[in-house]
Structures are given as C-alpha cells and as structure tokens.
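Open the model in your viewer and keep the sequence beside it. The stops below can be selected one after another.

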Amino acid sequence: MTSSLDGEIRDGRHHMQVRVYYEDTDFSGIVYHANYLRFMERGRTNHLRLMGASQHALFEQAQEETPGFAFVVRSMQLDFLRPARMDDVLDVVTWPIAVKGASITLAQEVRRGDEVLIKAAVRVAFISEGRAKPIPKSLRQLMKADLAPD
C-alpha cells in the first residue's frame, strides 16, 4: 500500500513516519546528524509523489521543456534542537513556503510526537546545463497549490 510507505498529506503538510534503527545512530546512541538529511530528502520526495506528481512523468515533461535538467539543493538552514534515539518513531513534516521562478523553498521539521527535534528551510533550484532555469509551469502550479494563502 503506497500511501502508508509514502506518508500522507494532512492540513497542507506532508507527514511521513521514520523509525530510527541502530544504523542511524552514532557511538553515543543518538541519531547521527547527517542521517536527518536522508530522512528529510525522503520526505521531500514523497511529498511531491503524493501531490500527484509521478516523478517519471514530471521528469519526461520537464526533459521536453528543459533538456538535461536537475533539481539541486541550493541552500539548507538547519536547527538541531533535540536528539532522537534508537527505536524512536519520527514524523518528517514537509511543506512549501515559497515557489519562485527557478527555486522552491520548503520548510521541514522532524518531530517525535509533539516535540520538534529539527527545523529546516531547504531551497531547491532547477538547473539545466549548469545554470538556473525557470521551473516548468506544471510543477510550479503543483507546488503552489499547497501554499497557504497570504
């Protein structure tokens, strides 16, 4: 059942659960900081998937509009507030906060219950041939559909 693997969208935000395994921890028994990046990458990927954007279909459409494109993380601001430990069940929450011509900024949080462990702002750029290019209209509209009204 795909939706349970990919998480779910509630109140305009994508929620995906991740269990912490031994391999995710460091010698002190807490989640190694770089593993949060992996958890958040999965959250961003599944957020897009659940919004109805098949990655293959988007890839083909964007490839027609902008051959040789890629999405790259342009910047990431992280705030590590509290540690997670083995066997914790974490909720990776993702939502768009800005969609511009060539970039999308997403907010992300990693939570344990009601407790926020990590806060992040991630700016993803759309590039082709090594240069920033406008995001294809279909993807821009898809991401804007989730933005809260001003």
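Among contacts in the protein between residues at least 6 apart in sequence, what percentage join residues at least 24 apart? The share is 68%, where a contact means heavy atoms within 4.5 Å.

This is a predicted model, in which local features need pLDDT of at least 70 and side-chain atom pairs count only at pLDDT 80 or more, while totals for chains, interfaces and linings use all residues. Residues are numbered from 1 along each chain as its sequence is written, and side-chain values use heavy atoms, with hydrogens and water left out.

Start with a cartoon view. The protein has four helices and seven strands, in the order α-β-β-α-α-β-β-β-β-β-α from the N terminus. Helices (H or I, at least four residues) and strands (E, at least two) are DSSP runs, numbered from the N terminus.

Next, select Y36 and F39. Both are in helix 2 (residues 33-50), three residues apart, about one turn of the helix. Their rings form an edge-to-face aromatic pair, 6.2 Å centre to centre with 85° between the planes; a pair needs ring centres within 6.5 Å, and edge-to-face means planes over 60 degrees apart. Both Y36 and F39 are buried, meaning under 20% relative accessible area with a 1.4 Å probe, protein chains only. Add F80 to the selection: Y36, F39 and F80 form one aromatic cluster.

Finally, go to G113, in the loop between strand 5 (103-112) and strand 6 (115-128). G113 counts as exposed because its relative accessibility is 54%, and exposed means over 50%. From G113 to D88 the C-alpha distance is 9.7 Å, with their positions 25 residues apart in sequence.

Note on methods:
Rings of Phe, Tyr and Trp (its six-membered ring) pair if their centres lie within 6.5 Å; planes under 30 degrees apart count as stacked, over 60 as edge-to-face and the rest as tilted.
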